[in-house]
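Here is an informal walk through one model, from a single helix pair to the core and then out to the loops. Have the structure open while you read.

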Amino acid sequence: MTAKNKSSEEMKNSQFHELFVHELKDIYWAENHLAKELKKMSKSATSEKLSNAIEKHQEETENQIKRLEKVFEIIDVKASGKKCDAMEGLLEEAQEILKSTKEDTMVRDAGIIIACQKVEHYEIASYGSLVHLAKQMGSDECAKILSETLEEEKKTDALLTEIAESEVNEMAVKE
């Protein structure tokens, strides 16, 4: 029997559902901690374009947290986070980049972009997996909500690449 064929009650008590909830709590913790760190990265960026992109993503992250809370509500689970070691490590790397690079340099901006893209790739993997799990559970509503966030993460990643390639990296190499 596939997950889609299980009754709602059977699904709620399944290991598959537990995995979904576990991953949801993981990304919920990650997004909440990321929201705080994005403010620091935005203020540390030299490029106005990069700073604005990070500020925009910080606002999106706040909305993504609200979407995650909606998904928790749909599946009738209290919204709470479970420490995400991966995001904690990625944010520590970002802090180290800020500490080890000079202020007001494009080298620092290049490092910020690298740190942000590592985070984006983690989020893309997490949301992509959650979308698929939600579909397998037959929760099209959850899948739709999570897909919206997945698309935002992909757009942010593409924007960071564009900023790096069109402006930051070329200037950073000359410093």
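Contact here means heavy atoms within 4.5 Å. Keep in mind that this is a predicted model.

With that cut-off in hand, start at S51, which sits in helix α3. Leaving aside neighbours within four places in sequence, S51 is in contact with S42 and A45. Its relative accessibility is 13%, so S51 counts as buried.

**The α4 and α5 pair**

Two packed helices are described by the angle between their axes and the distance between the axes. How do the axes of α4 and α5 cross? Helix α4 covers residues 85-100 and helix α5 covers residues 106-136; their axes come within 9 Å and cross at roughly 175°. Since an angle over 145 degrees counts as roughly antiparallel, that makes α4 roughly antiparallel to α5. On the α4 side, the residues that meet α5 are A86, M87, L90, L91, E93, A94, I97 and L98. Facing them from α5 are R108, G111, I112, A115, K118, V119, Y122 and E123. Sorted by type, the residues of this contact come out as eleven nonpolar, one polar and four charged.

Helix α5 is worth a look end to end. It has 31 residues and reaches 44 Å from its first C-alpha to its last, close to the 45 Å expected at 1.5 Å a residue. After α5 comes G138, with a positive phi near 80°.

**The core**

Which residues touch the most other members of the largest nonpolar core? In this set of 50 residues, they are F20, L24, L50, I112 and L146. The elements giving two or more residues to the core are α2 (15-44), α3 (48-74), α4, α5 and α6 (140-173). The largest share, twelve residues, comes from α5. I112 therefore turns up twice in this story: in the contact of α4 with α5, which is roughly antiparallel, I112 is on the α5 side, and I112 is also among the core residues just named.

F20 is a handy one to click on. Not counting residues up to four places away in sequence, F20 touches V71, I75, L130, L133, A134, M137 and L146. L146 is itself one of the residues that touch the most other core members.

**T156 in α6**

Now move to T156, in helix α6. Is T156 buried or exposed? At 10% relative accessibility, T156 counts as buried. Apart from neighbours within four places in sequence, T156 is in contact with H57, E60 and E120. T156 and E141 are 15 residues apart along the chain, and their C-alpha atoms are separated by 23 Å.

**Out in the loops**

Three loop residues make a short list.

| Residue | Loop | Relative accessibility |
|---|---|---|
| D76 | between α3 and α4 | 57%, exposed |
| G81 | between α3 and α4 | 40%, partly exposed |
| D104 | between α4 and α5 | 62%, exposed |

What about backbone angles? D76 has a positive phi of about 60° although it is not a glycine. D104 also has a positive phi without being a glycine, with a value near 55°.

G81 is partly exposed, and G81 touches K25, Y28 and W29, not counting residues up to four places away in sequence. Measuring C-alpha to C-alpha, G81 and E123 are 15 Å apart in space and 42 residues apart in sequence. E123 is one of the α5 residues in the contact with α4.

Terms used. Residues are numbered from 1 along each chain as its sequence is written. This is a predicted model: local features need pLDDT of at least 70, side-chain atom pairs count only at pLDDT 80 or more; totals for chains, interfaces and linings use all residues. Side-chain values use heavy atoms; hydrogens and water are left out. Axes are lines fitted to C-alpha atoms, for helices over the stretch in contact, and angles run from 0 to 180 degrees between N-to-C directions. Helices (H or I, at least four residues) and strands (E, at least two) are DSSP runs, numbered from the N terminus. Angles under 35 degrees count as roughly parallel, over 145 as roughly antiparallel, 65 to 115 as roughly perpendicular and the rest as oblique. Ala, Val, Leu, Ile, Met, Phe, Trp, Tyr, Cys and Pro count as nonpolar, Asp, Glu, Lys and Arg as charged, and the others, Gly among them, as polar. A nonpolar core is a set of buried Ala, Val, Leu, Ile, Met, Phe, Trp, Tyr and Cys residues joined through side-chain atoms within 4.5 Å. Buried means under 20% relative accessible area, exposed over 50%, partly exposed in between (1.4 Å probe, protein chains only). The expected span of a helix is 1.5 Å times one less than its number of residues.
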